[in-house]
Amino acid sequence: AISWQLSDSHGWGVFGLNLALNLLDREGPRPFLLTEPNLLDTPAPVLDRLRPLIDEQRQIQAQVLDPAAGKTVGIGGAAVLHALVNGFNHHDTIRGDIDIGIIFYERGPIGDAERTRAGQYDRIIAGSSWNRDYARAHGIDHIEFVSQGVDTSLFNPGPGSGAYAGRFTIFSGGKLEIRKGQDLVLAAFKIFHARHPDALLITAWRNAWPESAAGMVNSVHVETDPQVGPDGEIKIKEWAVANGVAADAFVDLGWVPNRQTAAILRDMDVGLFPNRCEGGTNLVAMEAMATGVPCVLSANTGHLDLIGDNNCYALSDQRAATEQGGPVEMWRESQVEEIVDTLEAIYTDRAEARRRAVRGSEFMADLCWANQTARLMGAIEDLL
């Protein structure tokens, strides 16, 4: 059973969607859903495959979950996958015969309370080796690492559209919040654009939880927090311009369905990800690498599982990070000077950038969802 909502528009949802589809392709345990999916741009053939699961979920919702709203519900004969958040907390009220927690955490600490909550699960699956190792170092031993996958049928190298001909395109993706490092992107881009007026920053920074974007102003690299409009959307371009980025050098893509992202990525010269912390392996960066974009990654936390054999550009100068004036134990800070130098290297030597892009795409081919679903099932097969 998959306890969280399948979706085609956000990280956890894309994970669940691909997990369910790949479980249907395998021999072995059949998936079923405990939350109705939210699918906005999923092709009809895929919806047809999911239809029996959706119909079954509606029956479970009406007959079991709604009557027991607010109470813990036991699902007999099932192994339940639970989405866990920082502190090994969860939001669902479901228990199975076997309970497996899946976690991507970006904040500590891990103490007695966290160990107790983790102990409620027969196994924990971490989204990065860094998450796994940190948990084990703090007394949580029943935790294994299996990364997310990539839909390589969508995200693979191909020709661009020519939409940005004559521009040097820099892509930055991930919901707008200080952990993702968009303040570092703006600071570096301003310097780089002053040297190279053909540079264009293209962003997919939309955030379904706009309150989490507050606090950017605590960075030394920006002067204002992003504002939220009457429609509840963050004014992303206005924020970038207010912090010194030329309006004609910035593109806000808005909300982009996952299936449309690959075509956008094929028009990019660079993918820039100076993130301060990733509990998982950063699905947006994985998709960019799989599509053949030369990527710049901060060499910290979950990104470390993606970096190797010159398959990207690693930002190795990582220092202690702060948030709202205080240190954040798990986070690390990339340096603006190194980001600019790396962009210069890519701008200057396009052939080397292409070589690294090819290696990145080849690396990601092994992390297709079919392989990662098999690895997930291998990590829990002794429980089933």
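## Salt bridges, a buried glutamine and a helix crossing

Glu 352 and Arg 356 are both buried. Keep in mind that this is a predicted model. Despite sitting out of the solvent, as just said of Glu 352 and Arg 356, the two side chains have each other: they form a salt bridge, with N and O 2.9 Å apart. Both residues belong to helix α10, which covers residues 350-365, and a spacing of four residues puts them about one turn of the helix apart. Elsewhere, salt bridges with shared partners link Glu 106, Lys 175, Glu 177, Arg 179, Lys 180 and Glu 278 into one network.

The whole structure holds 23 salt bridges. Here are three of them, side by side.

| Salt bridge | N to O distance | Where the partners lie |
|---|---|---|
| Glu 352 and Arg 356 | 2.9 Å | both in helix α10 |
| Asp 25 and Arg 49 | 2.7 Å | helix α1 and helix α2 |
| Glu 114 and Arg 117 | 3.4 Å | both in helix α3 |

Take the Asp 25 pair next. Its side chain meets that of Arg 49 at 2.7 Å, N to O. Asp 25 is in helix α1 (residues 11-25) and Arg 49 is in helix α2 (residues 44-65), so this salt bridge ties together parts that lie 24 residues apart in sequence. Asp 25 counts as exposed because its relative accessibility is 55%, above the 50% cut-off. Arg 49, at 35%, is partly exposed.

The Glu 114 and Arg 117 bridge stays within one helix, α3 (residues 112-118), where the two residues are three apart, or about one turn. Glu 114 is buried at 14% relative accessibility, while Arg 117 comes out as partly exposed at 24%.

Now for the glutamine. Gln 182 is part of helix α5, which runs over residues 182-195. How buried is Gln 182, going by its relative accessible area? The value is 1%, so Gln 182 counts as buried, the cut-off being under 20%. What does its side chain find to talk to? A polar atom of the Gln 182 side chain lies 3.0 Å from the backbone oxygen of Gly 174, and the side chain also reaches the backbone nitrogen of Glu 177 at 3.3 Å. Leaving aside residues up to four places away in sequence, Gln 182 touches Gly 174, Lys 175, Leu 176, Glu 177, Trp 205, Met 216 and Trp 239. Two of those names, Lys 175 and Glu 177, turn up in the salt-bridge network as well.

Helix α5 itself has 14 residues and spans 20 Å from its first C-alpha to its last, close to the 20 Å expected at 1.5 Å a residue. Of its 14 residues, 10 are buried, so α5 is largely enclosed by the rest of the structure. Besides Gln 182, the buried set includes Asp 183, His 193, Phe 189 and Phe 192. Leu 184, Val 185, Leu 186, Ala 187 and Ala 188 are also on that list.

Back to α1, which has another partner. Its axis comes within 9 Å of the axis of helix α11 (residues 369-380), and the two cross at roughly 80°. An angle of that kind falls in the 65 to 115 degree range, so α1 and α11 count as roughly perpendicular. On the α1 side, the contact is made by Val 14, Phe 15, Asn 18, Leu 19, Asn 22 and Leu 23. The α11 side brings Trp 369, Ala 370, Thr 373, Leu 376 and Met 377.

Terms used:
Residues numbered from 1 in each chain as written. Predicted model: local features only at pLDDT ≥ 70, side-chain atom pairs only at ≥ 80, totals over all residues. Heavy atoms only, no water. Buried < 20%, exposed > 50% of the residue type's maximum accessible area, 1.4 Å probe, protein only. Polar contact = N/O pair within 3.5 Å; in protein donor to acceptor, adjacent residues only side chain to side chain. Contact = heavy atoms within 4.5 Å. Salt bridge = Lys/Arg side-chain N within 4 Å of Asp/Glu carboxyl O. Expected span 1.5 Å × (residues − 1). Axes fitted to C-alpha atoms, helices over the stretch in contact; angles between N-to-C directions. Parallel < 35°, antiparallel > 145°, perpendicular 65-115°, else oblique.
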